[in-house]
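User: Hello! I would like to go through the aromatic rings and the nonpolar cores of this structure, and hear the reasoning behind each label.

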Amino acid sequence: GDARWDMQRVFDLSYLDLSESDRARFRALAAFHPSGFAPQAAAFVWGLTPERAEEMAQARATLSRFINLSLVKTVPGDFERYRLHDLLDEYAAEKLRHDPTEEAKKRNALAEWVAEEFDKNDVPDVENISRLSLEKDNLICAAQWTQAQSDGWRLARLATTPANWLRVNFFAETWQMWKDWLISALRFGIEHADEKQVLRLKANCIKSLGDVHRDLSELPEARARYEEALPIYRAIGDKLGEANTLSALMRLNFAASKDIGLAEQELSHIIQLRQKIGDRYNEGADYGNFAIALLNLGHKEKAREYALKARAVFEQINLPSLVEMTDRIIAACEE
């Protein structure tokens, strides 16, 4: 009963001493996962533009004030990140929930920032993998929020813009979460003023769902999803989506038939599509995936041929971690 030990009252002393604008910014930080956030993300959620130096300076000045007031602390590591102090994350969340409109605005802003950040860095490579991997918790946090709001548009973006990351880095053992996001987004409906964007995002969800089925060894379901997505991509003229879906179908076909000649014909057509749109990363990935499939079947000489093609592409576009990966494939072909 001693008021000196009432933590809510103790926190209120610091909170009420802030200016109204700083109170709003403090509350907004509850949108992030307790593990932390980048300063650029905080600026975006606060309604600032991270690309503008003067606005980032404002954001950092606010964070500095919050650190001095023991509201925020730095997160140890190689990248600039911050988090609310222990217990203050719950306190800030309670304050944010007082105004549902404000809470929705800030949590939706986090969802937008996360989707944009992964969209701009869609290739997981040594240059960005360490930094973007730190956003896994915020991605999950944002997706859970949009799913609870039945927000198909934002959930679809969160489930598809990080697709390469979700497949390779994040959900090796938790495919069900990603699958649930994709199914939910399609069930909620994807609404936007631009009908072409709606169709592209719908096709991206369907195609990604096919990838999840494939990785869960649900191959008939994967094929059905790919065949559902392909005509949508073609109808809107999305050559990247078409090439990605044809590539996925080629891998299924080759796994079933083991017909190298037919697979090479299909791959040649896909590579032509890639080259028309300048999609070098996926051109290298197609060569590399085919090399791995050939190697697994014992066709070492043919596998080496395609691994060398993959290596050349990755070297040309300066992706050293993928060059190293193909070097390992080449070495396995020469054993």
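Analyst: Happy to help! A charge sits over a ring if NZ of Lys or CZ of Arg is within 6 Å of the ring centre and within 35 degrees of the ring normal. This is a predicted model, in which local features need pLDDT of at least 70 and side-chain atom pairs count only at pLDDT 80 or more, while totals for chains, interfaces and linings use all residues. Residues are numbered from 1 along each chain as its sequence is written, and side-chain values use heavy atoms, with hydrogens and water left out.

User: What makes Arg23 count as lying over the face of Tyr15?

Analyst: Arg23 is 5.9 Å from the ring centre of Tyr15, and the limit is within 6 Å, so the distance fits. The charged end of Arg107 likewise sits over the ring of Trp145, 5.7 Å from its centre.

User: Why is the pair of Phe118 and Trp165 called edge-to-face?

Analyst: Rings of Phe, Tyr and Trp (its six-membered ring) pair if their centres lie within 6.5 Å; planes under 30 degrees apart count as stacked, over 60 as edge-to-face and the rest as tilted. Phe118 and Trp165 are 5.7 Å apart centre to centre, with 75 degrees between the planes, so the pair is edge-to-face. Phe118 lies in helix α6 and Trp165 in helix α10 (residues 163-170), so the pair ties together parts that are 47 residues apart in sequence. Helices here are DSSP runs (H or I, at least four residues), numbered from the N terminus.

User: How do you know that Phe118 is buried?

Analyst: Buried means under 20% relative accessible area, exposed over 50%, and partly exposed in between (1.4 Å probe, protein chains only). Phe118 has 1%, so Phe118 is buried; Trp165, at 0%, is buried too.

User: And why is the pair of Tyr281 and Phe314 called tilted?

Analyst: Their planes are 45 degrees apart, with 6.4 Å centre to centre. That angle is neither under 30 nor over 60 degrees, so the pair is tilted. Tyr281 is buried at 18%, and Phe314 is buried at 2%.

User: What makes a set of residues a nonpolar core?

Analyst: The set must consist of buried Ala, Val, Leu, Ile, Met, Phe, Trp, Tyr and Cys residues joined through side-chain atoms within 4.5 Å. The largest one has 60 residues, and Phe26, Trp46 and Phe66 are among those touching the most other members. Helix α6 (residues 100-120) gives the largest share of this core, seven residues. Apart from it lies another core of 34 residues, including Leu249 and Ile329.

Technical notes:
Helix = DSSP H or I, 4+ residues; strand = E, 2+ residues; numbered from the N terminus.
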